[in-house]
Amino acid sequence: MITETNFEVPIFHFKVEVVVFDKLEEVRAKYPEFLPEGSDACTVEYVNVSRAKVIIPSKNYVCVIHELEHIKNLIWKVKGYRPQSDNDEVDAYLMEYLYERIDKIIKKHLSI
């Protein structure tokens, strides 16, 4: 099963397209350009646009954390923000927000 949904990161007006999947074969058939052989998750950057797609397995939270790091960095790239090494609170709050949103989507996917 594949669940697709979107959300916007409010302050940054950045759209995240989320694809959660159970079987790699299903998502690879739907998105062959994003998930070639050897990959089991990915983040797709849409250049010069405040939007990205994240494709993640429903039962592998390590992949979730990995891909959310990419999303966070894309948000900073689009917004022109440079993280500060001596004050990473903005990074931490953004990661927390992204994780909570994705976690709810995965839990809903698993309950269907």
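**Entry 1: Glu-26**

I started with Glu-26, which I found in helix 1, residues 24-30. I kept in mind that this is a predicted model. Is Glu-26 buried or exposed? Neither label fits, because its relative accessibility of 32% makes Glu-26 partly exposed.

Next I looked up what Glu-26 touches. Setting aside residues up to four places away in sequence, I found Met-1 and Ile-2. Met-1 is 25 residues from Glu-26 in sequence, yet the two C-alpha atoms are 7.4 Å apart in space.

**Entry 2: the loop at His-13**

I moved on to the loop between strand 1 and strand 2, where His-13 sits. His-13 is not a glycine, but I noted a positive phi of about 50° there. I also checked its accessibility: at 53% relative accessible area, His-13 is exposed.

**Entry 3: salt bridges**

How many salt bridges are there? The count comes to seven. I took a few of them one by one.

I looked at Glu-17 and Arg-51, whose side chains meet in a salt bridge with an N to O distance of 2.7 Å. Glu-17 belongs to strand 2 and Arg-51 to strand 4, so this pair ties together parts of the chain 34 residues apart in sequence. The relative accessibility of Glu-17 is 10%, under the 20% cut-off, so I logged Glu-17 as buried. Arg-51 is partly exposed at 27%.

Glu-17 has another partner to note: Lys-53, with the closest N and O atoms 3.2 Å apart. This pair also links distant parts of the chain, with Glu-17 in strand 2 and Lys-53 in strand 4, 36 residues apart. Lys-53 is buried, with a relative accessible area of 9%. I therefore drew Glu-17, Arg-51 and Lys-53 together in my sketch, as they are linked in a network of salt bridges.

Then I turned to Lys-77 and Glu-45, a salt bridge with its closest N and O atoms 2.8 Å apart. Lys-77 is in helix 2 and Glu-45 in strand 3 (residues 42-45), and 32 residues separate them. Lys-77 is exposed at 56% relative accessibility, while Glu-45 is partly exposed at 36%.

**Entry 4: a glutamate without a bridge**

I was curious about Glu-67, which lies in helix 2, residues 61-79. Which side chain of opposite charge is nearest to Glu-67? My answer is Arg-28, 12 Å away; Glu-67 is buried yet has no salt bridge. I then listed its contacts beyond four places in sequence: Ala-41, Cys-42, Thr-43, Val-54 and Ile-56.

**Entry 5: aromatic rings**

I tallied five aromatic pairs in the structure. For Phe-7 and Tyr-97, I noted ring centres 6.4 Å apart and planes at 70°, so I put the pair down as edge-to-face. Phe-7 lies in strand 1 (residues 2-9) and Tyr-97 in helix 3 (residues 89-111), so the pair joins parts that are 90 residues apart in sequence. Phe-7 is buried at 4% relative accessibility, whereas Tyr-97 is partly exposed at 24%.

I also marked one aromatic cluster, formed by Phe-12, Trp-76 and Tyr-81.

One more ring brought me back to a residue from the salt-bridge entry. Arg-51 lies over the face of Tyr-46, at 3.8 Å from the ring centre. So my page for Arg-51 holds two notes, because Arg-51 also shares the salt-bridge network with Glu-17 and Lys-53.

**Entry 6: nonpolar cores**

I ended with the cores. Which residues have the most contacts inside the largest nonpolar core? I wrote down Phe-7, Val-9, Val-16, Val-18 and Ile-102, in a core of 21 residues. The elements that each give two or more residues to this core are strand 1, strand 2 (14-21), strand 4 (51-57), helix 2 and helix 3.

I picked Val-18 for a closer look. Leaving out neighbours within four places in sequence, I found Val-18 in contact with Thr-3, Glu-4, Thr-5, Asn-6, Phe-7, Val-54, Ile-102 and Ile-105. Among these, Phe-7 and Ile-102 are also on the list of residues with the most contacts inside the core.

My last item was a second, separate core of eight residues. Phe-21, Tyr-31, Val-44 and Ile-55 are among its members.

Key. Residues are numbered from 1 along each chain as its sequence is written. This is a predicted model: local features need pLDDT of at least 70, side-chain atom pairs count only at pLDDT 80 or more; totals for chains, interfaces and linings use all residues. Side-chain values use heavy atoms; hydrogens and water are left out. Helices (H or I, at least four residues) and strands (E, at least two) are DSSP runs, numbered from the N terminus. Buried means under 20% relative accessible area, exposed over 50%, partly exposed in between (1.4 Å probe, protein chains only). Lys and Arg count as positive and Asp and Glu as negative; His and the chain ends are not counted. A salt bridge is a side-chain nitrogen of Lys or Arg within 4 Å of a carboxyl oxygen of Asp or Glu. Contact means heavy atoms within 4.5 Å. Rings of Phe, Tyr and Trp (its six-membered ring) pair if their centres lie within 6.5 Å; planes under 30 degrees apart count as stacked, over 60 as edge-to-face and the rest as tilted. A charge sits over a ring if NZ of Lys or CZ of Arg is within 6 Å of the ring centre and within 35 degrees of the ring normal. A nonpolar core is a set of buried Ala, Val, Leu, Ile, Met, Phe, Trp, Tyr and Cys residues joined through side-chain atoms within 4.5 Å.
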